[in-house]
Amino acid sequence: MELRIDPLTGVHVQVTGSRQTRPNRPTTDCAFCVGGTEAPDPYVVKAFKNRWPSFPDERCEVVLYAPDHAARLPHLPAEHVRLVVDLWAERTAALGARDDLASVLVFENNGPEVGVTLPHPHGQIYSYPDVPALPATELARLADGNRLLEDDRPELTVIERDGWRAWVPSAPIYPYGMRVAPLTPKPDLPSLTSAERDAFGSVFTEALRRLEHVFDPPMPYVFWIHQRPFDGGEIGRAHV
């Protein structure tokens with residue numbers, strides 16, 4: 001593991017050469033199916049330590065969404081999505097309670113085009129001792145009075161219901177992408193009520209389905225969920 005700094009931009013980049021030895025889309029013996037290396041016993045949703053972590057000290061976890069090898073998070077039933085959201089919140093709270101960690105990132109790379117090495121439906125959780133540059137910048141700009149939800153132009157709003165909105169940013173940096181956030185600011189996943197977790201899961205997975213269906217076959221995607229730092233501050237937003 002090595003932390004490098006791009007001399008042109010000043011961006012900090014984590015380089016972990018040991019991850020080159022991790023499994024790469026094996027055709028048999030899925031490690032995430034029931035009975036596999038990482039899931040020897042039956043499960044519905046599951047989180048465990050990553051065997052090929054980018055960071056030391058048990059700061060990288062894998063989250064399995066379902067035992068079905070062909071399942072996809074956006075197409076799981078609402079009650080199953082809720083179990084995934086609850087697991088994200090549980091692991092966020094557990095990692096955030098550690099004295100050596102300040103920030104928890106829930107994310108997924110979906111599709112071989114964006115680097116996924118195992119096709120079984122899963123995401124990951126990384127934890128950081130400091131707040132990474134992008135969420136730190138977002139926090140600073142919110143503190144300066146910039147709005148999380150930008151504006152209310154109907155042409156930018158994709159979904160809005162039950163206190164949540166998915167929208168296209170007014171100054172997008174990706175050809176296809178949305179943001180998802182609560183209409184009333186919330187600091188993190190553990191702070192969401194039961195009803196808010198249901199609503200978030202519903203809006204979030206619909207946003208993913210809409211992105212998938214832009215093209216045929218389904219478009220690959222990356223999502224990440226920015227939450228408050230555990231040393232203070234407030235932010236709650238999903239990027240897809």
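## Sorting the residues

Here, Ala, Val, Leu, Ile, Met, Phe, Trp, Tyr, Cys and Pro count as nonpolar, Asp, Glu, Lys and Arg count as charged, and the others, Gly among them, count as polar. Keep that sorting handy as we look at the empty spaces in this structure, which is a predicted model.

## The largest pocket

Let's start with the open space. The largest pocket has a volume of about 1,400 Å³. Its lining takes in 49 residues, and the closest to the pocket's centre are Gln-14, Ser-54, Phe-55, Tyr-126 and Tyr-128. Split by type, the lining has 26 nonpolar, 16 polar and seven charged residues.

Which elements supply at least two residues each to this lining? They are strands S2 (12–15), S5 (103–110), S6 (122–128) and S10 (221–226), along with helix H2 (133–143). S5 gives the largest share, with six residues.

## The closed spaces

Now for the cavities. Searching the whole structure turns up two cavities of 30 Å³ or more. The second largest of them holds about 30 Å³ of space. Two elements give two or more residues to its lining: helix H1 (78–96) and helix H3 (194–212).

Which residues line the second largest cavity? You can look for Leu-73, Val-81, Val-84, Val-85, Trp-88, Phe-200, Gly-201, Phe-204 and Thr-205. Seven of these lining residues are nonpolar, two are polar and none is charged. Gly-201 falls in the polar group because Gly is counted there under the sorting used here.

Technical notes. Residues numbered from 1 in each chain as written. Predicted model: local features only at pLDDT ≥ 70, side-chain atom pairs only at ≥ 80, totals over all residues. Heavy atoms only, no water. 1 Å grid on protein atoms, 1.4 Å probe; cavity = no way out; pocket = protein on both sides within 12 Å on 5 of 7 lines; lining within 4 Å. Points joined across faces, edges and corners; volume = space filled by probe spheres on them. Helix = DSSP H or I, 4+ residues; strand = E, 2+ residues; numbered from the N terminus.
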